[in-house]
Amino acid sequence: MGRYVVRRLLQAIPLLFVISIILFYAVFALGDPVSRLIANNPRTSEQDIARIKKLYGLDKPVYQRYFVWAGNSLRGDWGSSLVTGEKVTSVLRGRLGNTLILMVTAFLVTLLLAIPIGLISALRQYSRFDYFITALSFLFYSLPVFFLGFLLIYLFSVKFREWGLPALPSGKMYDVRGERTLGQLFKHMILPVLTIALINSALYTRYLRSSVLEVMGQDYIRTARSKGLMGSQVLRRHVMKNAALPLVTLVLLQVATLFSGAVVTETIFAWPGMGLLFIDAARNVDYPVLMGILVASSALIIIFNLIADILYAYLDPRIKYS
Amino acid sequence: MSDTPATAKTTTDPGTDVRDQLRAQDAMSRDVQTPWKIIRRRFLKHKLAVVSLAFFILLVATIFIWSSLLPANAAQVNVDLYNTNAPPSLRHPMGTDQAGSDVLQRIVLGGRVSLTIGLFSVAIAIILGTIVGALAGYYGGAVDNLLMSFVDMMLSVPLLLLIVTLAAVLGPSVRTIIIVIGITSWMGVARIIRANFLSLKNKEFVEAARSIGVKNSKIIFKHILPNTTAPLIVAATLGLAEAVLLEAYVSFLGYGVQPPQPSWGNMVSSGSFLLTIQEAPWMMLFPGIMITLTVLVVNFIGDGLRDALDPFSRL
């Protein structure tokens, strides 16, 4: 086990290294940073362009710039935002909390919705409930996140106000002039959380349903039944435990995406998290911030992939480390 | 010697004999179950998938024929300056936008853009994925390790962030979006093809081909690849749904198709300001419904195809 973990870790490091090289090339070499920087000022002289290039180190070849960037990054200096001049690390830290508040809540709501629904759907296979849930999950699975978000805004923010019902806020974390209370935060969170949870639970429900059905068809379930165990006991001790295995992987891989946040959801609801930061950085072609978010979120995905593999091997003794 | 069978035949009426033979042949060919016949029968049993396929064909045909009849300048379709932000009516079945353009006509034009991007990017993804998967599965060893590490690497970068970054640095356009979606969504195909090649490359027919000296490239493309058609078709169909959705996301975020050229994604986006949602909700409702419907029916078709093509599939 220990050797397996070490070996996987050693594989992860060059992987991240190569990813950072490719991302660096994609961000810096494909585009023309200078033309973006001077886009608002077409009368920039040749000398100014040379000066700007020198200022941002753009006069050196890309591979040299990569090594400078990589060296600094390893020492914890991720550069500064081209727009605000703030350190990238502190910009990211400021946004991470907001993203986590949103995503962790959405994640818990997703599980609370999906686990009972998926389970009942599988236990009552081909019942009316099962058909209804299957149809619904297909629908939500095909619904673009932004469309669902706007439908919710239309209903709960616009129409509710028209009808004189208590309307929900359509964006931001707090009212602009209101106090920053927990109640405020809760009210602003309902719609974005609902958006993410509805779409994600469609996927989870499908997953859990098929996984439970597969386990129910296994011989050891029949054995458990035939030796006289009660239905609830079989369900809890034999079905649930085994059916939860693939869900563990799904959940952990989803956790990895927490960091990059829900780009789309945060854009719709103007939620000041990582996703919105990323979109702003892309719009301003703020290279250091873009690189920071891309590399950090890739690193997180690699780490959680690793955790998922190890945990899976630990939970399921049939899997051998190799 | 040659006339013996002829003399034997003259004992019976030659006409009935031939007819009998033909009838027997006909009966046989009717009973013979070619794989494609079995697949077609199984697919036709999947009612929802059949209805979806009919709807999808109708949709694609309508969009491509109608859009070719509309003026080339997408920005100025049927502009009705006296009716800006007009709700759906007989004259404008889906209403008009703030510039007075007919939303229905923009949906038709946007649909052509969205579907074209979807189809072309899936084609790129399928070609890339097939090449990588075939090489990795067939040659194994170091080639396999290298290519599959590359797949792992691609899967470790958040997809939407990568697409937006590439579109942002390359400058968003229809061609950029097709390429970017294509080169970021081939990994699933590569894995499927590789798995198929791994199980097929040691089969007897491959062995036979190799033993008579058929070249590797010919074995890959002529002997093994046709046997992976089924999973490829399913992957392409589900990939199309994914690509249409991705285009919508990227255009929605502002890095896809640029207005005034319409696409379903940027139409939802331009109808999504709070004031617009209040005053002209049809601007985002109809393109949103179109995306959802298209993705939904393509997913149903893919599901039906998977059930029809793979007897062991469960989901």
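Buried area here is the accessible area, taken with a 1.4 Å probe, that two parts lose on being put together, summed over both. By that yardstick, chain A and chain B of this predicted model bury about 3,800 Å² between them, with 79% of it on carbon and sulfur atoms. In residue terms, 44 residues of chain A are in contact with 42 residues of chain B. Charge pairing doesn't come into it: the count of salt bridges between the two chains is zero. Polar contacts do turn up, though, with four residue pairs found across the interface of chain A and chain B, both partners at pLDDT 80 or more.

On the chain A side, the elements giving two or more residues to the surface that touches chain B are α1 (2-29), α6 (128-142), α7 (145-162), α8 (182-216), α11 (263-268), α12 (274-283) and α13 (287-315). Of these, α7(A) gives the most, with eight residues.

Next, the inside of chain A. The chain is divided into domain 1 (2-74) and domain 2 (88-315), and 33 Å separate the centres of these two domains, taken over C-alpha atoms. Their contact takes 17 residues from domain 1 and 11 residues from domain 2. Together the two domains of chain A bury about 1,400 Å², 85% of it on carbon and sulfur atoms. Here the salt bridge count is one. Arg8(A) forms a salt bridge with Asp309(A), and the closest N and O atoms are 2.6 Å apart. The rule also finds one residue pair in polar contact across this domain interface, both at pLDDT 80 or more. On the domain 1 side, α1 and α2 (33-37) of chain A each supply at least two residues, and the largest share, 13 residues, comes from α1(A).

That leaves the nonpolar packing. The largest nonpolar core has 134 residues, and those with the most contacts inside it are Phe146(A), Phe150(A), Val264(A), Leu253(B) and Tyr255(B). Helix α12 (residues 229-253) of chain B gives the most to this core, with 14 residues. Domain 1 and domain 2 of chain A both give residues to the core, so it lies between them. Val264(A) shows how the chains meet at residue level: leaving out residues up to four places away in sequence, Val264(A) touches Val145(A) and Phe146(A), along with Leu160(B), Tyr249(B), Phe252(B) and Leu253(B). A second, separate core of 23 residues includes Ala224(A), Val251(A), Val255(A) and Ile301(A).

Methods:
Residues are numbered from 1 along each chain as its sequence is written. Chains are lettered from A and ligands numbered from 1 in the order in which they are written. This is a predicted model: local features need pLDDT of at least 70, side-chain atom pairs count only at pLDDT 80 or more; totals for chains, interfaces and linings use all residues. Side-chain values use heavy atoms; hydrogens and water are left out. A nonpolar core is a set of buried Ala, Val, Leu, Ile, Met, Phe, Trp, Tyr and Cys residues joined through side-chain atoms within 4.5 Å. Buried means under 20% relative accessible area, exposed over 50%, partly exposed in between (1.4 Å probe, protein chains only). Helices (H or I, at least four residues) and strands (E, at least two) are DSSP runs, numbered from the N terminus. Domain bounds come from an automatic or database domain assignment. Contact means heavy atoms within 4.5 Å. A salt bridge is a side-chain nitrogen of Lys or Arg within 4 Å of a carboxyl oxygen of Asp or Glu. A polar contact is a pair of N or O atoms within 3.5 Å; within protein, one must be able to donate a hydrogen and the other to accept it, and residues adjacent in sequence count only if both atoms are side-chain atoms.
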